[in-house]
Amino acid sequence: MTHLGTAGTFPLGDRTVKRIGYGAMQLAGPGVFGPPKDRAQAVAVLRAAVEAGVDHIDTSDFYGPHVTNQIIREALHPYRDDLVIVTKIGAKRGEDASWNPAFSAEELTSAVHDNLRNLGLDVLDVVNLRLMFGIHGPAEGSLEAPLTALAELQRQGLVRRIGLSNVTPTQIEEARGIAEIVCVQNQYNLAHREDDALVAALAAEGVAYVPFFPLGGFSPLQSDALSDVAASLEATPMQVALAWLLQRSPNILLIPGTSSLGHLRENLAVADLVLPPEAVATLDGIGSKTSAL
C-alpha cells in the first residue's frame, strides 16, 4: 500500500501538505469545458484521492467553468480539516471554450466569490493569480493592479494566502512588494526546464513551487530515454517523470490530474519510487537536449 508521506511534506503558506497532491482540471469535459462524460467517476476519483491521503487539491472555477468546483463540493464537502484547496483566478472562459484574461478588480472579486460559492467555502485557503500576458508562457507585464485587488480580498478575510501562476522572476519580485507569496505555479517538467534557477531560488526561501503540466499537458512527454529508464525500473514513463520532479527539489509539490481511478493509483504510487543516480542523470539530459533545440 502506498503511503504518500514517504514522499515528504512541504509548507504551503501556514499549512503543511504532502508533496503529492491532485490537480482537478481533468474532471471537466474535453478541453476543460463543460461537464465530464462520467460525473460519478469524477466523484469517485476525488474521494479515492482523499482516502489515499491526498491533502492538497488544485482547482479553479474557470475549469468547466464551475464544473470542477461543483464536483469537488459534491464529492468532498464538508471538507476534512487537513485538506488544502488551492484555486486560481485571472481568466474566464468564452462560449467557444476560449481562455480569456479577467484581470480587473471587478472580475477578480467575482471570481473569488464564484470559487467560494461553488466550493461551499467561507474563505479560500490559497488563491493563485494567474497572469495571461503571454499566449505560450510567462511574459513580462506589471501585476500591481490585479494583485492589489486580490490583496484587498485577502484583507477582507475571503482569501487566506496568495500565490502566483504563469509568472517571471521579475513579476515575483514585484508581487512581494504588495503581498506575501506562498507558492508559484508554472509549467515545468522533464522537458520544459526554463524555471530551473527559479525552482532553486524559491527552495532556498522556503516557497513552494507547483509545476503544472508535470506530465507534458495536452502533449504528453515522449522520450526514448524516459521509456528506457521506466522499463528498467518496472514503472511507467509517467511515474518516472513524476518521480524525477519529486527528487528535483524538496519544495516541488505535485498536482498530477486524472479522471481515472487506475491512473490515480499509478500517480500516487510514485511516493514509493526512488530513482537511482544513473537514472536521474539520464533524465536530466532530456531537458538539456530539449533546451538545445
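What do the buried residues of H6 pack against? The close-ups below, all taken from a predicted model, get to that and a few other spots.

**View 1. Helix H6 and its buried side, residues 196–205.** Leu198, Val199 and Leu202 are the buried residues here. Going round the axis, they span an arc of only 100°, so they sit on the same side of H6. As a general reminder, an α-helix has 3.6 residues a turn, so residues three or four places apart point the same way. As for what the buried residues pack against, that's helix H5 (169–176), strand S10 (181–185), S11 and H8. Flip to the face turned away from the buried side and you find Ala197 and Ala204, both exposed. Right after H6 comes glycine 206, with a positive phi near 75°.

**View 2. The open sheet of 7 strands.** Read across, the order is S3-S4-S5-S8-S9-S10-S11, and the pairing is parallel. Strand S3 (22–23) and strand S11 (208–209) are the edges, each pairing on one side only.

**View 3. Zooming in on S4 and S5.** Strand S4 (residues 56–58) runs parallel to strand S5 (residues 84–89), and 3 bridges join them. Look for aspartate 58, which stands opposite valine 86 in S5.

**View 4. Where helix H7 meets helix H8.** H7 (residues 224–233) packs on H8 (residues 237–248) at an angle of about 95°, their axes 8 Å apart. That angle makes H7 roughly perpendicular to H8. H7 brings Leu226, Ser227, Val229, Ala230 and Leu233 to the contact, while Pro237, Met238, Val240 and Ala241 come from H8. Sorted by class, that's 8 nonpolar residues, 1 polar and no charged ones.

Conventions: Residues are numbered from 1 along each chain as its sequence is written. This is a predicted model: local features need pLDDT of at least 70, side-chain atom pairs count only at pLDDT 80 or more; totals for chains, interfaces and linings use all residues. Side-chain values use heavy atoms; hydrogens and water are left out. Two strands pair if DSSP finds at least two bridges between them. Helices (H or I, at least four residues) and strands (E, at least two) are DSSP runs, numbered from the N terminus. Axes are lines fitted to C-alpha atoms, for helices over the stretch in contact, and angles run from 0 to 180 degrees between N-to-C directions. Angles under 35 degrees count as roughly parallel, over 145 as roughly antiparallel, 65 to 115 as roughly perpendicular and the rest as oblique. Contact means heavy atoms within 4.5 Å. Ala, Val, Leu, Ile, Met, Phe, Trp, Tyr, Cys and Pro count as nonpolar, Asp, Glu, Lys and Arg as charged, and the others, Gly among them, as polar. Buried means under 20% relative accessible area, exposed over 50%, partly exposed in between (1.4 Å probe, protein chains only). The arc is that of the directions from the helix axis to the C-beta atoms.
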